[in-house]
Amino acid sequence: MPPSAARIKTPQQLIAESGADLEGHGLKRTMGLFQLVCFGVGAIVGTGIFVGLSDSVAEAGPAVVVSFVLAAITCVFTAFSFAELGSAIPVSGSSYSFAYASLGERAAFLVGWCLLLEYGVSVSAVAVGWSQYLNELLDSLVGLRLPAALSAGPGEGGVVNLPAVIVILLAATLLVRGVRESARATAAMAVLKIGILIVFCAIGFSAFQDGHLSPFTGSGAAGITAGASVAFFSYIGFDAITTAGEEVKNPRRNIPIAILVCIGIVTLLYCAVALSAIGAIGADAVANSPAALSVVVDEVTGSSVGGGIVAFGAVVAIASVVLAVMYGQTRILMSMSRDGLVPRVFERVSPKTSTPVANTWIVAAVFAIPAAFAPLDVVVDLTTIGTLAVMAVVNLAVMVLRRRAPELPRSFRVPLFPLSPVLGIGFCLYLIWGTGWTTWLQFAVFLVAGGLLYAVYGRRNSRLAAR
């Protein structure tokens, strides 16, 4: 049996096993380019801007716009790499499959382990944010709020966060019905929330005051870096586009285009929203308001109606993130299950709906528990560092596969190669540095736990090793 680090699946093996150039392993190709772009926007735009804006502003002040740009630059370099690999290896496993084809089985398992953290924590955190905005919406519409005991976990003075559980179960219900229905719902929600954010920017800029931008960099470069590390959480999700590799029409063309278009749209939206919010009420007010967008609209318009509209947009936006990220998680688990690295239940596809039904309900149950009871603030930085590590691996995978498989068909190639992926790795390491040593220690422990799990289960059950 070869060492696990030497077990490498060629891109051709991955594509053949998944049926990615035909119909994917029981999955159906139903998503076009527009739906894929909306799916990407749906996976990214949500809690990070509707709820997390205040945390980024608290770190960087008015210079949060620079923080968003810095986080976006990191994403752009990595997006180039995702675009190339997504066009060359259009399978459901995303970063996990890219690592398997370039760095070997052990590295692939650890990447999948990090993705479980990334998607799991982000879905649970997003669901908690949805609960907060649902309360804001109910207060605006009928003047009522859900009891604290049923809308917050024990760490926040409640008993169970019931709305967070409900939105996860609703997303799972839609996902098991079929990809076509999920894609249509995500597209509708993405268009709606982009429209609401554009209206918000118009309202915020109507009350813009230059004095609110001074001092622009009160915390200096350290504040901008810390703000970028926090803001990076707002971009988590664009890699979910590549998890749809087996359910997208013409994936070799559409995946690269969708990734780059999504990053461009999201960066413009984030910078415009941050600038208009700070210009309207000041950085301190934004930093102290978890529901900052509703506060801005209420203050500028002098009415709670506008804030209610923003709250409605947030409820829709955050629900679409839950839907898109849960979709990505189920497809990664499906790929890992095909390889024997996780139990086989995750790879089973229903012949009726062409969706992994058991996989979806298991993911929903696991995600719902921390959303209902656990304080998630303590692991957000851990999620960020795990995501950055995965992105660094994807940049490295591009360089390895350019050397190992130069003949591989690539409809998109990383520009300025090899400078672009090297810069992508550099920016990832820079943002990892900004998370602090306590997060590094947590991440090291997390990787050790993943390595032990691989040694106990994955290595022994690997189908590649059996062959």
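In this predicted model, Arg410 and Glu84 form a salt bridge in which the closest N and O atoms are 3.0 Å apart. The two partners come from distant parts of the chain, since Arg410 belongs to the loop between α17 and α18 (419–433) while Glu84 belongs to helix α5, and 326 residues separate them. Both Arg410 and Glu84 are buried. In general terms, side chains of opposite charge can pair when their charged atoms come close.

Glu84 also forms a salt bridge with Arg402, and here the closest N and O atoms are 2.9 Å apart. This pair, too, links distant parts of the chain, with Glu84 in helix α5 (residues 64–88) and Arg402 in helix α17 (residues 377–404), at a separation of 318 residues. Glu84 and Arg402 are both buried.

A further salt bridge is found between Glu347 and Arg344, whose closest N and O atoms are 3.3 Å apart. The two residues of this pair differ in their exposure: Glu347 counts as buried because its relative accessibility is 10%, which lies under the 20% limit for that class, whereas Arg344 is exposed, with a relative accessible area of 55%. Glu84, Arg402 and Arg410, for their part, are joined into one network by salt bridges that share partners. Over the whole structure, the count of salt bridges comes to 5.

The loop between α17 and α18, which holds Arg410, also contains Leu416 and Pro418. The phi angle of Leu416 is near 55 degrees, which is a positive value in a residue other than glycine. Leu416 is exposed, with a relative accessible area of 66%, and this places the residue in the exposed class because the limit for that class is over 50%. A little further along, Phe417 and Pro418 are joined by a cis peptide bond, for which omega is about 5 degrees.

A positive phi is also found at Ser354, where the angle is near 55 degrees although the residue is not glycine. Ser354 lies in the loop between α15 (304–338) and α16 (357–373). With a relative accessibility of 12%, Ser354 counts as buried. Another positive phi, of about 70 degrees, is taken by Gly302, which comes just after helix α14. Within helix α14 itself, which covers residues 292–301, the buried residues are Ala292, Leu293, Ser294, Val296 and Val297. As background to such a list, an α-helix has 3.6 residues a turn, so residues three or four places apart point the same way.

A search of the whole structure for disulfides finds 0. A disulfide is a covalent bond between the sulfur atoms of two cysteines. Cys38 is in no disulfide, and the cysteine sulfur nearest to its own, that of Cys262, is 8.1 Å away. Cys262 is likewise in no disulfide, its nearest cysteine sulfur being that of Cys38, at 8.1 Å. The pair is not counted because a disulfide requires the two sulfur atoms to be within 2.5 Å. Both cysteines are nevertheless shielded by the protein: Cys38 is buried, with a relative accessible area of 6%, and Cys262 is buried, with a relative accessible area of 0%.

On the surface, a nonpolar patch of about 620 Å² is made by Trp433, Trp437, Trp440, Leu441 and Val445. Helix α19, which runs over residues 437–461, gives the most to this patch, with 4 residues. Val445, one of the patch residues, has its place in helix α19 and is exposed, with a relative accessible area of 53%.

The confidence of the prediction bears on how these features are read. The average pLDDT of the protein is 82, and 92% of the residues score at least 70. Over residues 20–25, however, pLDDT stays under 50, and for this stretch the model has 23 contacts beyond four places in sequence.

Terms used
Residues are numbered from 1 along each chain as its sequence is written. This is a predicted model: local features need pLDDT of at least 70, side-chain atom pairs count only at pLDDT 80 or more; totals for chains, interfaces and linings use all residues. Side-chain values use heavy atoms; hydrogens and water are left out. Buried means under 20% relative accessible area, exposed over 50%, partly exposed in between (1.4 Å probe, protein chains only). Helices (H or I, at least four residues) and strands (E, at least two) are DSSP runs, numbered from the N terminus. Patches are made of residues with over 30% relative accessible area and no salt bridge: like charges are joined within 9 Å, nonpolar side chains (Val, Leu, Ile, Met, Phe, Trp, Tyr) within 5 Å. Accessible areas come from the Shrake-Rupley method with a 1.4 Å probe; for residues, only the protein chains shown count as cover. A salt bridge is a side-chain nitrogen of Lys or Arg within 4 Å of a carboxyl oxygen of Asp or Glu. pLDDT is the predictor's confidence in each residue, from 0 to 100. Contact means heavy atoms within 4.5 Å.
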